Amino acid sequence: WKNAAQQNLPFTLNPAILYRGVVANAFNNGTCVMSQFFLKGPIERMVTGGRARKLNDTETIVVGFTAGSLGSIVTSPMELTMIQQQRHGSSLPATVKSIVSEGGLGSSGVFRGLFGMMMREGIYCMGFMGLMPVVRGKVTRDYPDTLGATPYTARLSATFIAGPIGCFLSHPFDTVKTCMQGDLARTKYGNPIQTARTLVAEHGLASLWAGMPWRLGRQCTSVFLIDFISSELAPKMFPHAFEDQY
């Protein structure tokens, strides 16, 4: 529904249309989060110079943005495949073949919309890897008797701060990316700047945030779950990295 709203496609409840590209989307989401957490470690070591110390708030946010942006290089072609399937209803192999034959392996084909994807995932990852733990920590410290009374209330409070901020800031890049990837032939949308100008000229500035309510609901849920799972599992899986906290 989010992708349809961004591309001015009709709303539908038809499952045959709603679940187009579900396999590509599953690989995309799984690979996306996996690559971001994988990249987070080496990026942190670069920031700290390999020293065992905790990142400050600014460093935490920068590391999150960088991990999200770099991970998009892997996942952008998967999202392109999903959006092409959603628009045309073709099979996964046929869609991949069509993308490569029509646009090639560069920015006109497989990596079309990469800049928008990098910005979207950078800001989104900055939200759940950077802003979320920073806000959660502040809520815990500043409101120990109310919002920060338990880890769950602090996490829930931080979710409804970090989630909307990340969603609002990243959504225009997502809209531009989605329109570019839906128009592989460049019939209407060319580069990111031209795409944004076309959307604003035809539908107004608000069109850059089209479909945001659908994405906001998903983002708040995922930000909460990712923060919860990583906070609970990381100390158990990598206890040596948390020795100074015990």
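This section describes helix H6, its packing against helix H4, and the second largest pocket of a predicted model.

Helix H6 comprises residues 114-142. For the 29 residues of H6, a rise of 1.5 Å a residue gives an expected span of 42 Å, and the C-alpha atoms at the two ends lie 40 Å apart, which agrees with that expectation. The helix nevertheless contains a kink of about 40°, located at leucine 131. This kink in H6 falls shortly before a proline, proline 133.

H6 packs against helix H4, which covers residues 57-88. The angle between the two helices is about 145°, and their axes are 6 Å apart. The crossing of H4 and H6 is right-handed. When the residues in the contact of H4 with H6 are sorted by class, 15 are nonpolar, nine are polar and four are charged.

Both H4 and H6 also take part in the second largest pocket, as each gives two or more residues to its lining. The volume of this pocket is about 960 Å³. Its lining consists of 32 residues, and those nearest the pocket centre are Trp1, Lys2, Asn3, Asn25 and Gln86. Besides H4 and H6, the elements that supply at least two lining residues are helix H1 (2-6), helix H2 (15-18), helix H3 (22-48) and helix H9 (212-237). Of the elements involved, H3 provides the largest share of the lining, with six residues. By class, the lining of the second largest pocket is made up of 14 nonpolar, 10 polar and eight charged residues.

Conventions
Residues are numbered from 1 along each chain as its sequence is written. This is a predicted model: local features need pLDDT of at least 70, side-chain atom pairs count only at pLDDT 80 or more; totals for chains, interfaces and linings use all residues. Side-chain values use heavy atoms; hydrogens and water are left out. Axes are lines fitted to C-alpha atoms, for helices over the stretch in contact, and angles run from 0 to 180 degrees between N-to-C directions. Helices (H or I, at least four residues) and strands (E, at least two) are DSSP runs, numbered from the N terminus. A crossing is left-handed if the near helix is turned anticlockwise from the far one by less than a right angle, and right-handed if clockwise. Ala, Val, Leu, Ile, Met, Phe, Trp, Tyr, Cys and Pro count as nonpolar, Asp, Glu, Lys and Arg as charged, and the others, Gly among them, as polar. On a 1 Å grid over the protein atoms alone, a cavity is a set of points where a 1.4 Å probe fits but cannot get out, and a pocket is an open set with protein on both sides within 12 Å along at least five of seven lines; lining residues have an atom within 4 Å of a point. Grid points are joined across faces, edges and corners, and a volume is the space filled by probe spheres set on the points. The expected span of a helix is 1.5 Å times one less than its number of residues. The bend at a residue is the angle between axes fitted to the seven residues ending there and the seven starting there.
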